[in-house]
Amino acid sequence: MTPTDTLDDLSSPGPAAPHSAPVMLALHQTALGGPEVLRLTELPRPAPGPGEILVAVHAAGLNPTDFKHRALSIFLPPPPLILGWDVSGTVVETGLGVTLFQPGDEVFGMLPYPYGAGSHAEYVTGPTRAFVAKPTGIDHIQAAALPLAALTAWQALVETAGLRAGQRVLIHAAAGGVGHLAVQIAKERRAHVTGTASAPKHAFLRELGADACIDHRSEDFTDTEERYDVVLDALGGETATRSVGVLRPGGVLISLVPGAEDTRAAAEKAQVRAVTLIVEHDQAGMRAIADLVDGGRLRAHVSATFPLAEGARAHVLGETGRTTGKLVITVR
Ligand SMILES: NC(=O)c1ccc[n+]([C@@H]2O[C@H](COP(=O)([O-])OP(=O)(O)OC[C@H]3O[C@@H](n4cnc5c(N)ncnc54)[C@H](OP(=O)(O)O)[C@@H]3O)[C@@H](O)[C@H]2O)c1
């Protein structure tokens, strides 16, 4: 990076790719670092391999894993990289053997996590079974906000915890990307939902259906007689370990941030199940999410959108860790 590089430079594409194949603009990085490493760059357009579709991206969700992988090699190889796992768009081309989609279909999905990233671009390829038809009642921005966060909530609450009617669930960071969808999914299962968020966000949680709210700035969530069947923890560290104490024996703690040894030891002692979940691409899960959307039982709250050229600004905002619902990058 030169001293003159600023986020404002993102609106000028980088040098053209040296070939005559179809090209696209992408939010590209050639080094790990802060948001300034993201450059709008002209790159070769990918071609779909066997079992894949090429999607013209209309909108792409942003998730904390994007900020984390921009800065650190967590799961992905070192740059060059295009980030982005959430996508909503139109099928442009199908690879060999694809039977489920055809050009013109409107789809949304989560690219295989972690190695399939690339949706912060004008085009992306992915396996057909990462996608389903976009619900007709929502636009691409709404659709792009859902996949990774909603699949995480679905895989945690429904598939891992087997959440049932009448059970009590505590959702940490309930106003965030995962949390606000988890509240709705838990209510749809007819569970009793408590969410943690700062007080100004409690009205939002109530609108989503939360039965009780805890202000994490002024209240201690462990200061209660309540014993939950399930805790969904998107915060990790001490919050995860302390969450063990509010679970009933036999309850389950699902951590979205890899757990500490302390948490495992506390869980064993308290006879609760403590698991770490890493979201997986999943067509059945995406169908379930699309059905909930179609039925009016799940909606993403999109608090801000950014054009692709200003994707770095979305990273700056997201990294504050204070956003409500989702941020989405608009592409076309
Ligand atoms: N393992 C996986 O597969 C997986 C999948 C998805 C996400 N994740 C991880 O889960 C975490 C959350 O993801 P996200 O998309 O939901 O993030 P997010 O949208 O950035 O979460 C922002 C929210 O977190 C809340 N928050 C911050 N500190 C809090 C605290 N101490 N107590 C309660 N709420 C707090 C904020 O509310 P206030 O402003 O009110 O504090 C804000 O609304 C990230 O670390 C992400 O990487 C993991």
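This text walks through the ligand site and then three backbone features. The model is predicted: local features need pLDDT of at least 70, side-chain atom pairs count only at pLDDT 80 or more, and totals for chains, interfaces and linings use all residues. Residues are numbered from 1 along each chain as its sequence is written, and side-chain values use heavy atoms, with hydrogens and water left out.

Start at the ligand. It is surrounded by 25 residues; a residue counts as near if one of its heavy atoms lies within 4 Å. The closest are S198, K201, H216, L277 and T323. By class, the shell holds 13 nonpolar, 9 polar and 3 charged residues. Here Ala, Val, Leu, Ile, Met, Phe, Trp, Tyr, Cys and Pro are nonpolar, Asp, Glu, Lys and Arg are charged, and the others, Gly among them, are polar.

Now take the polar contacts, pairs of N or O atoms within 3.5 Å. S198 places a polar side-chain atom 2.5 Å from a ligand oxygen. L277 uses its backbone: an N or O atom there lies 2.7 Å from a ligand nitrogen. A polar backbone atom of T323 is 2.7 Å from a ligand oxygen. Taken alone, the ligand exposes 940 Å², and the protein buries 86% of that. Areas come from the Shrake-Rupley method with a 1.4 Å probe.

Which elements give two or more residues to the shell? They are α1 (64-71), α3 (147-160), α4 (177-188) and β10 (192-197). Helices (H or I, at least four residues) and strands (E, at least two) are DSSP runs, numbered from the N terminus. Domain 1 (3-146 + 300-330) and domain 2 (149-276) each supply at least three shell residues. Those bounds come from an automatic or database domain assignment.

Next, the backbone. A cis peptide bond joins P79 and P80, with omega about 15°. P80 sits in the loop between α1 and β4 (81-82). Another cis peptide bond links Y113 and P114, with omega about 5°. P114 belongs to the loop between β6 (106-110) and β7 (123-127). Finally, A173 is not a glycine, yet has a positive phi of about 55°. A173 lies in the loop between β9 (168-171) and α4.

Technical notes
Polar contact = N/O pair within 3.5 Å; in protein donor to acceptor, adjacent residues only side chain to side chain.
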